[in-house]
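Let's take a walk through this one together. Have a look at the chains below, and then we'll go from the overall fold to the contact and on to a few backbone details.

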Amino acid sequence: MDWALLAESATNGGLVGLMYSLVAMGIVLIYKSSSVPNLAQGSMTMLGAYVVLAFANNAKAPIWLAIMLAIVTMFGVGMAIERVALRRLAGRPIIMILMMTLGLEILLRAGAMTIWGGTGRPMPLGISDDPLFLGSMLINRTYAVGAAVAIVMFGLFMLFFRTRMGVVLRAISDDYTAAWSVGISVERGVALSWAMSAVVATVAGVLWASVQGVDQSLAQLLLKGVTVAVLGGLDSLGGALLAGMLLGIVEGVSASFLDPVLGGASRDLVDAAMLMLTIMLRPHGLYGRHDIERI
Amino acid sequence: MLFRQAGIFHTDYAADRALFPIAADRWMIGILLTFGLVAPLLVNSLYLSSYLLPWLIWTAGALGLNLILGWAGQFHLGYAAVMGIGAYATVHATRAGIPWEIAIVLGGSTAAIIGVGFAFAALRVKGLYLALSTLALQFVMDWVISHVPAISGGTQATLQAPDIRLLGLPVTSDAGLYYVALVWCILVTSFMLNLRRTALGRALIAVREKDFAAAVIGVNSFYFKLVAFSTSSFIGGVTGAILIGTFYHAVTPEQFSVDVSIQALAMVIVGGLGSIIGSYFGAAFILLMPGAINSLISWAAIRFGFSLSIETLAHLPQALYGALIIGFLLIEPLGLGKIYNNIRDYLLVWPFGYVKK
């Protein structure tokens, strides 16, 4: 057993995992407010990255301004998706809703590539490629920044849920009929949660794009996001953060030991296995409500 | 007008139980079947082998998925994986020298056995979690197929499928391959048509509507979910094998990826959940749409004098495909089959519209 390798892949895996939980947080936000499992989160992440690039390259905005503008744009996109596509499906069978998010996934992914093209482009965030030395371990700087941003986002959400609007969202997620009957506008709350999830998707898109470039493969983060969200419990933001770290560590460690045996690409297998195991053994995840199975 | 029927008035039970109680339906089915049989004489071989043949095979596939999705109400995001299992099992069996007729049954049975594995997920979870677990199984299957050299013949490999031989006679002509697909499609269609007249079909519908309500009236919902998963997987497996044998002639893991699963789902949704005629419409729609959009765009580009980059042209049909799924869900959630039924219901009592209930 190579302990140094184990520690290094676990640390890097944990940081990558926190970046996965950025994608998962978007899924959780939407699920919490409206019980809609958003299978379009991967392509929303990808769209966010493309929008940032569009502002940076076409409007020649500096990258920080481009990110701000993209966040505002995606806020609107999230609201629009909820208003146009999801609101009319409320109360329909889960098959229809899942198919709708799959349709959105295809539309957003192919739409982004129709407009901006599918060739991979870099995301110039200005994070240096030099590894960070922590004792004898090499740590990827981008992963470290991504993990820090994930924790900051989580903190911001925790603060937000203490504000008036946040309390409204919590009421909706607790019992939307009761929330409705005391005069809370459930539709507006759900729209806000879609908008926030689009914002998280943009942040995740920027960070992941600086790791792997801006192209179609960003949409494949969906599988990781779903796995993390289910493992953490679909309605728990803290669960998503913890589950992301857990999945990242398991994935990193098993990839560094399994890849030589299985000939590469064992990460997806580990993800799928984690997802299956969670669903079989503990469908409500680490921190989900126990009644979450009944949809 | 077409149906000449102001309401349905049966005078005996046999008429009520008939597969097609209305004479006009029998005539239409007869005409379609005749057309299907003489199509190789009427249609040129390009259209026959690149439009009619895949349409028939995919219709059979969509009907198999409709059994699980529309009848039993269980979400299945891994249907392409099941088709792939059937295809690979059949190709390996024929390469080992087993006659093709037996090999497709073997392929279907293999798919059914593994498909029941999917059902064990349905045993424990439902709705969203079933969808996610079948999605995970799709990824596992993809991985296993492409990473186990004994199955795929090595990474990135294409496995050549031997020519189909029926009763020892090789089937290689376009017309012959077309008839194989036609027979399979008719078999699946008649199975599905008869399903709704049987106890099995009614039990599946009971399970779909509410599984514990079904259990209360004595329908063993777990048993019927297993039956639904294995039957649909059998149909899917044989369809995959026939798709390879008559259309692709070679098998690669990409032919059965997660995108194909979503495509099959789109066929069922666009066609209409639980609608047989809808599966025909849905399969035709999804298969023909990209080509139709491409020719529409190139026509418009010439007509209105604009030019689009290659990348735009490559991704635009896909984007419109997503938009169509969304559009159908918003405007007519029960799909093309429901639109056909609305027209039929209107014409059934025409011109006495007030007869309708």
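**A walk through chain B and its partner**

Start with how chain B is wired: of its contacts between residues at least 6 apart in sequence, 74% link residues at least 24 apart. Keep in mind that this is a predicted model. As for confidence, chain B has a mean pLDDT of 86, with 95% of its residues at 70 or more. For the complex, the predictor reports an ipTM of 0.85 and a pTM of 0.88.

What is chain B built from? Its secondary structure comes to 15 helices and four strands. The radius of gyration of chain B is 21 Å, close to the 21 Å that the globule rule gives for 357 residues, so chain B is as compact as a globular protein of that length. If you lay the C-alpha trace of chain B along its principal axes, you get spans of about 65 × 60 × 45 Å. And of those 357 residues, 44% count as buried.

Now turn to where the two chains meet. Chain B brings 32 residues to the contact, and chain A brings 37 residues. On the chain B side, helix H6 (128-147), helix H12 (258-271) and helix H14 (310-331) each put in at least two residues. Which of the elements gives the largest share of that side? That would be H14(B), with 13 residues. By character, the chain B side sorts into 23 nonpolar residues, seven polar ones and two charged ones.

One of those contributing helices, H12(B), is worth a closer look. H12(B) runs for 14 residues and covers 20 Å from its first C-alpha to its last, close to the 20 Å expected at 1.5 Å a residue. Is H12(B) mostly covered or mostly open? Mostly covered: 11 of its 14 residues are buried. You can trace the buried residues from B:Ser261 and B:Ile262 through to B:Val270 and B:Gly271, with B:Gln263, B:Ala264, B:Leu265, B:Ala266, B:Met267, B:Val268 and B:Ile269 also buried. Just after H12(B), B:Gly272 takes a positive phi of about 125°.

B:Gly272 is a glycine with positive phi, but you'll also find positive phi in residues other than glycine. In chain B, look at B:His249, whose phi is near 65°. Where does B:His249 sit? You'll find B:His249 in the loop between helix H11 (221-248) and strand S4 (250-251) of chain B. B:His249 has 13 C-beta neighbours inside 10 Å, so it counts as partly exposed.

Chain A has a case too: A:Ser35 is not a glycine, yet its phi is positive, at about 55°. A:Ser35 lies in the loop between helix H1 (3-34) and H2 of chain A. Why does A:Ser35 count as partly exposed? Because it has 18 C-beta neighbours inside 10 Å, while being buried would take 20 or more.

Follow chain A on into helix H2 (residues 41-57) and you'll come to A:Ala54. A:Ala54 counts as partly exposed because it has 18 C-beta neighbours inside 10 Å. To get a feel for distances in chain A, go from A:Ala54 to A:Leu159: the two are 105 residues apart along the chain, and their C-alpha atoms are separated by 31 Å.

Terms used
Residues are numbered from 1 along each chain as its sequence is written. Chains are lettered from A and ligands numbered from 1 in the order in which they are written. This is a predicted model: local features need pLDDT of at least 70, side-chain atom pairs count only at pLDDT 80 or more; totals for chains, interfaces and linings use all residues. Two residues are in contact if their C-beta atoms, placed from the backbone, lie within 7 Å. Ala, Val, Leu, Ile, Met, Phe, Trp, Tyr, Cys and Pro count as nonpolar, Asp, Glu, Lys and Arg as charged, and the others, Gly among them, as polar. The radius of gyration is taken over C-alpha atoms; the globule rule is 2.2 Å times the number of residues to the power 0.38. A residue is buried if 20 or more other C-beta atoms lie within 10 Å of its own, exposed if 12 or fewer, and partly exposed in between; C-beta atoms are placed from the backbone. The expected span of a helix is 1.5 Å times one less than its number of residues. pLDDT is the predictor's confidence in each residue, from 0 to 100.
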